[in-house]
Amino acid sequence: MKLNKSIKEKDSIFKNWLIIIAVILFIILPFIINTYWVDVLFFFGVYALLGLSLNIVLGEVGLFDLGHMGFMAIGAYATAILNTTFGIPIIILLPISALAAGAFAWLVCSPIIHLRGDYLCIVTIGMGEIVRLTLNNNPFGITGGPNGVFGIDFPSLGSIFVIDNSTKFYYYIWLIVGLTIFGLVNLQRSRIGRAWNCIREDEVAAESTGIDVRSYKLLAFVLGAGLAGVAGNIYATKLMMVSPESFNFMESCMLFCIVLIGGMGSIPGVLIGAAAISLFPEFFRTFAQYRMLIFGAAMIVMMIFRPGGIWPRKRGAVKFESLLMKAGEENG
Amino acid sequence: MAKENNNMETMIRTKQENEEINKINKVVLQTDKLTKKFGGLIAVNNFDLKVSQGQISSLIGPNGAGKTTVFNVVTGIYKADGGKVLFKGEDLAGKKPHQIIKKGIARTFQNIRLFSNMTCLENVMAGQHCRSEEGTWTSVLQTPGQRKEELEIKRNAEKRLKQVGLWKWRDELAKNIAYGNQRMLEIGRALASNPDLLILDEPSSGLNDKESEDLIIFLKSLLKENLTILLIEHDMNVVMGISHWVTVMDEGKKIAEGSPEDVYSNPQVIEAYLGKDEEEEE
């Protein structure tokens, strides 16, 4: 069979000139702005990565997870403890913290994965809080209690290349965010991403369509947690310390907002949401004490006028005419 | 294929010949003393059903007779409380819905259950989930194997969408297309898994006469694909028009089975549908 070569799939977001401009802007930005703003953009990157990781669970599969910071905490503490106690290089700990967070997610989510909606939400809140409280109580004297763990190394490749200043950290986080976006966009367009969306739309129909709902939900949790673990690793090395207070419930709510503001299941949306959460307070420093008020009001207005988020995922970009041998036998 | 010819012939055979063929024909799906209880209510009670290869079988009965429950047990959504479901001789007990569709039983729902916020094409592509196997990492990296499979999925989806006549709506969200089209899309999604047995739960409900007629023609055309069809139906025109074999159910039990003509004139069936004549004593 000869394949019809006139496949016009205009579904690559990489071809979009807007994205090219954004990428170029991101590359030259550190040379224009001062260190403070580079740091702000670094944290924007961390939130973007966290938002993307939660987006898998919340956006793609529609599982309410309000304890996502717990996974990040596992990644951050795995990095901190293994680095300060055993001196394992950070670059090796990057995948290890992802694995640790993923394994933790698998362990705690296996028994609760069948819960629906609000019930799952409550359990994940509990899980996040338990992680934080456990770290706070310094089990076996390894987490350092409320003070946390100090003296984490910078990420480095031997002694040749050390990521030790704001600009390098900026490139580092955005490189990882870029790779993550690449992977997630591919995933969205695969049968895995489709299966996740099907589960979000209708669980019974998804199961009857041949999707192993339980496994795919777990997969989403493990992948999401793994990415959050990576974010935890980078966060810990940037601050050179971790403490339980960084992973409180409010932060989990912030992540939730990132996905809701941006648009569930939309990758550009998550980036916008992360920008709103991390840049907004910087621009409005003067209104610092009214921050949450403005933020809450903005959320309400958003939910009324744009319930799908600022940039909801656009579907139906598959415009090809025909993939079959005989083109033009359109009917219907 | 020989079987295909056979199917075509079956459709024009007389009643007696039909019955003979039923005996010869391989039974694809069989339930054996199937029982399902919801608390104190026995929804399905020692129910025997058989569906022969290459035929359209119908399951009819008044509202609340337990027809959909039978379907849900067969497709693994409910667990049976007793009895067996045999598909091609294999016991389906304890199998989950996603395993059952892989064995070759695809279904549609009485209240259409599409993936509303996904496009029609994506719906049909999702239907092929159980016939594809690329994993997470190959998808993340989009390996050549994964691309090839994805293309294959798209081509199959295109074929099925054209078959149900919805190709022009491929990029439309499933929730936005007309009701009749949604029904066809759901059938298309079920067909996308290349099933051996297609179970349709009231496919003609909510359709107008013209659409029902088209549906009958469409279902008949499916038999050419070596497909077996089991349907629940209320519309007597549809049942009489296409069924080779009809099973009648009331209050969880089988009250009659046979060719449409037999069943139509069966007094017990008339009683179940229209109620008992008061003057006749039991």
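# A quick tour of chains A and B

In chain B, strand β1 (residues 27-38) runs antiparallel to β2(B), and 8 bridges join the two. That pair is a handy way into this predicted model. Chain B has 12 helices and 10 strands, and its strands show up below in two open sheets, one of 4 strands and one of 6. After the sheets come the domains, a helix pair, and the place where chain A meets chain B.

**The four-stranded sheet of chain B**

- This open sheet goes in the order β2-β1-β4-β5 (chain B), with antiparallel pairing.
- At its edges stand β2 (41-52) and β5 (90-91) of chain B; each has a single partner strand, so one side of each is left without a neighbour in the sheet.
- To see the β1(B) and β2(B) pairing up close, look at Q30(B), whose bridge partner in β2(B) is K50(B).

**The six-stranded sheet of chain B**

- Here the order is β6-β7-β8-β3-β9-β10 (chain B), in an open sheet with mixed pairing.
- The edge strands, β6 (105-107) and β10 (253-258) of chain B, each pair on one side only.
- From one strand to the next, the twist averages 20°.
- β3(B) runs parallel to β8(B), with 4 bridges between them, and S57(B) has L230(B) as its bridge partner in β8(B).
- β3(B) is also parallel to β9(B), again through 4 bridges; there, S58(B) sits opposite V246(B) in β9(B).
- Strand β9 (residues 245-250) of chain B pairs with β10(B) in the antiparallel sense over 5 bridges, and V248(B) stands opposite A256(B) in β10(B).
- Helix α3 (residues 67-74) of chain B lies across five of these strands, namely β3 (56-60), β6, β7 (197-201), β8 (228-232) and β9 of chain B. α3(B) runs at about 145° to β7(B).

**How covered is β3(B)?**

- How many of the residues of β3(B) are buried? The count is 5 of 5, so to speak a mostly covered strand.- Both faces of β3(B) are covered: I56(B), S58(B) and I60(B) are buried on one side, and S57(B) and L59(B) are buried on the other.

**Chain B as a whole**

- Of the 282 residues in chain B, 46% are buried.
- Take the contacts in chain B between residues at least 6 apart in sequence: 69% of them join residues at least 24 apart.

**Two domains in chain B**

- The domain assignment splits chain B into domain 1 (1-104 + 195-282) and domain 2 (116-192).
- Where the two meet, 10 residues of domain 1 of chain B are in contact with 7 residues of domain 2 of chain B.
- On the domain 1 side, α4 (97-103) and β7 of chain B are the elements that give two or more residues.
- α4(B) gives the most to that side, with 3 residues.
- By class, the domain 1 side has 6 nonpolar, 2 polar and 2 charged residues.

**A helix pair in chain B**

- Helix α5 (residues 120-127) of chain B packs against helix α8 (residues 179-191) of chain B at an angle of about 35°, and their axes are 7 Å apart.
- The crossing of α5(B) past α8(B) is right-handed.
- From α5(B), the contact uses C120(B), N123(B), V124(B), A126(B) and G127(B); from α8(B), it uses L185(B), G188(B), R189(B) and A190(B).
- The contact of α5(B) with α8(B) has 5 nonpolar, 3 polar and 1 charged residues.

**Where chain A meets chain B**

- In this interface, 31 residues of chain A are in contact with 45 residues of chain B.
- On the chain A side, α6, α7 (191-201) and α8 (203-208) of chain A each supply at least two residues.
- Which element gives the most to the side of chain A that touches chain B? That is α7(A), with 7 residues.
- The chain A side divides into 11 nonpolar, 11 polar and 9 charged residues.

**One residue to look up in chain A**

- V185(A) lies in helix α6 (residues 166-188) of chain A.
- Is V185(A) buried or exposed? V185(A) is partly exposed, because 19 other C-beta atoms lie within 10 Å, and a buried residue would need 20 or more.
- V185(A) and W311(A) are 126 residues apart in sequence, and their C-alpha atoms are 15 Å apart in space.

Terms used. Residues numbered from 1 in each chain as written. Chains lettered and ligands numbered in written order. Predicted model: local features only at pLDDT ≥ 70, side-chain atom pairs only at ≥ 80, totals over all residues. Pairing = 2+ DSSP bridges. Axes fitted to C-alpha atoms, helices over the stretch in contact; angles between N-to-C directions. Buried ≥ 20, exposed ≤ 12 C-beta atoms within 10 Å, placed from the backbone. Domains from an automatic or database assignment. Nonpolar A, V, L, I, M, F, W, Y, C, P; charged D, E, K, R; others polar. Left-handed = near helix turned anticlockwise from the far one by under 90°.
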